[in-house]
Structures are given as structure tokens and as C-alpha cells.
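Thanks, everyone, for making the time this morning. I would like to walk you through one model, going strand by strand and then on to the rings, so please have the viewer open.

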Amino acid sequence: MTFQTNSAIKPRMMGSVPVLEIDNPFANAMISLQGGQVLSYQPKGQEKVLWMSPLADMTEGKAIRGGVPVCWPWFGSRKEGGPNHGFARTKLWQYELSETLDNDKTRVVLSLPIDGVQEWDGKAGLGIDIIVGETLRISLTSRNNGSRKVQISQALHTYFSVSNTDLIWIEGLDGKRYLDETDESRAFIQEGEVIIEGEVDRTYIDDNETCILHDPGIGRKITIKKSGSNGTVVWNPGPVRAEKMHDVPTFDYKSMVCVETITLPQVPVELEPGQSHVLMAEIFVG
């Protein structure tokens, strides 16, 4: 990998995983080339925005717990088999470019080679464009490079760092229909703001609205703007499930919540040959 001599980016290794460290006038961040995954984002003078497990497995080919995993080309499990949440999050992505923009923000572009992936017979190109500044903007672009239609479900599976899940609430989903995955995928209508009590695993349908994560314990709110999505997932494992997770320390589940930008497996993106789709999330404090 080659970088501008004045670049705000430094490559290093975490375990056996190559990462890029970013330090610019606005924020510090870290991006893993395995998974094309943003691991951390912290605006200058503020608390960290993303949660990453201190027990995250930084071994080649293993899913990394925390940050913004890329779930692609399917979300969750699928009847045809293959790894949960697809294969993009455990593959090594290619470095394409990095640059300092005119406004001193930092841009990193990565791509994932798709050919020859045993778990999937689609032909597609996948790229991620990450801009680190006063906001964190992540754009995931899928392109059908084959001769037949492909279906894709995907997510930017964002883990947010919070003071305590007992104190937080999520604004922007009132009145939305959701499937409760802790209750046999039964459908409900969200009434009021979302609060976290026990295990929460909700898929909000037909939603592309901005969400705001309120955290009075830190005295901040995090705004999540999105485009190209048709759903939002809110997830926290709760105490019982977290106890069975080898890469989540005891009680650390109360320090994070996932608010995920997603295209639903129930309503996947369908790309004709030559078509592209961009899934975007922009995250900022305030």
C-alpha cells in the first residue's frame, strides 16, 4: 500500500489483521482491511462513538465484534447455507486509494474481489467509500457485473458506544412496523421511543428515516442518517445471550447498542446486469 507523504493515514497490524489509523483535524478512526470494517471513530475532544469489544478476535478470517461490520451479500442466515451475515466481513479487502480532501477530511476507498467465492454464485463488484471528518460517512456500493439478475440484502451493522443501556433511547422509529426476532418474528407497531430492556432484536420494515440515539449518561445524542436502505435493525444481546458470547465481556453488553442501516432479506435489492446500488450511513454527534 502507498500513501500520500502528507497523509493522515498510517498502516499497522492488529493481531494478524492489517488496519489503517486515521488522525486528522476532526477525528481519529481505524479501518480494518479485513471486512472493509470501520473499527473506531472518535471526534476530537469527544467520547468514542463506536463500541468495539476488548475481546474481539483479530485473527485472519474471523468476524470482528464491534465497529461497523459489513453484512453482504445477505443479512442473517439463509436457507442455501453459507456464513451468517454473508462473507464480506471476513474477507480481506483491497486498498484502492486514500486522500486528504480539500476540507481536510480523510477519504479511504476499498474494494472486495468477488470472483471465486464458493458460498455465492452471483457476479458482483463491491466497494466501500469511507469519509472521516466531523461526521463518519460510509457508502457501500454493489454492482451487478454478471449477465443475470442478482438479489442482495446487506447491512452496516453499527455498534454504538453508550454509557448504559438502561439510560438510552432511540428516536425516529415511532409508529413503524417491526418484526420481533425474540418473539418468533411476530409483527408489532413501535409505540414511542425505543428503549433497551433485556434482549432486543427488532427489524423495522420500510424505514429509511433518520434515527437519533439519546444518551444522557454521556450528555450527547448521535444522529444516524441513511439512504439506500429499506429497514433498520435495533439489537442488543441482553444478559442471557451475552453470557454465551465468547467475545463480549461480562456486563459489556450494557455499554453498546446496534442501530443498523439495512436492506431487508425479506425485500432484497434486485440488480439487473450493469445496475448499481449504494447503501449509505452518515453518523455524527449532535
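How many bridges join β17 to strand β18, and in which sense do the two run? Keeping in mind that this is a predicted model, the answer is that 5 bridges join β17 to β18, residues 220-227, and that these strands run antiparallel. The two form a hairpin with 4 residues between them, and in that turn you will find G219, which has a positive phi of about 80°. If you want one pair to look at, take D215, whose bridge partner in β18 is R220.

β17 also pairs with strand β13, residues 169-171, again in the antiparallel sense and over 3 bridges; here W169 has H214 of β17 as its bridge partner.

Now, is β17 enclosed or open to the outside? Of the 5 residues in this strand, residues 211-215, 5 are buried, so β17 is largely enclosed by the rest of the structure. The burial applies to both faces, with C211, L213 and D215 buried on one side, and I212 and H214 buried on the other.

Let me move to strand β19, which spans residues 231-236 and contains V233. V233 is buried, with a relative accessible area of 2%, and, if we leave aside neighbours within four places in sequence, its contacts are F75, D201, R202, T203, C258, V259, E260 and I262. V233 and Y204 are 29 residues apart in sequence, and yet their C-alpha atoms are 6.0 Å apart in space.

The other residue of β19 that I would like to show you is W235, and this brings us to the rings. The count of aromatic pairs comes to 6, and one of them is formed by Y159 and W235, an edge-to-face pair at 6.2 Å centre to centre with 85° between the planes. Why does this pair tie together parts that are apart in sequence? Y159 lies in strand β12, residues 159-161, whereas W235 lies in β19, so the pair links parts that are 76 residues apart in sequence. Y159 and W235 are both buried, and together with W51 they form one aromatic cluster.

Finally, a ring with a charged neighbour: R78 lies over the face of W74, at 3.8 Å from the ring centre.

Conventions:
Residues numbered from 1 in each chain as written. Predicted model: local features only at pLDDT ≥ 70, side-chain atom pairs only at ≥ 80, totals over all residues. Heavy atoms only, no water. Buried < 20%, exposed > 50% of the residue type's maximum accessible area, 1.4 Å probe, protein only. Contact = heavy atoms within 4.5 Å. Phe/Tyr/Trp six-rings, centres within 6.5 Å; stacked < 30°, edge-to-face > 60°. Lys NZ or Arg CZ within 6 Å of the ring centre and 35° of its normal. Pairing = 2+ DSSP bridges.
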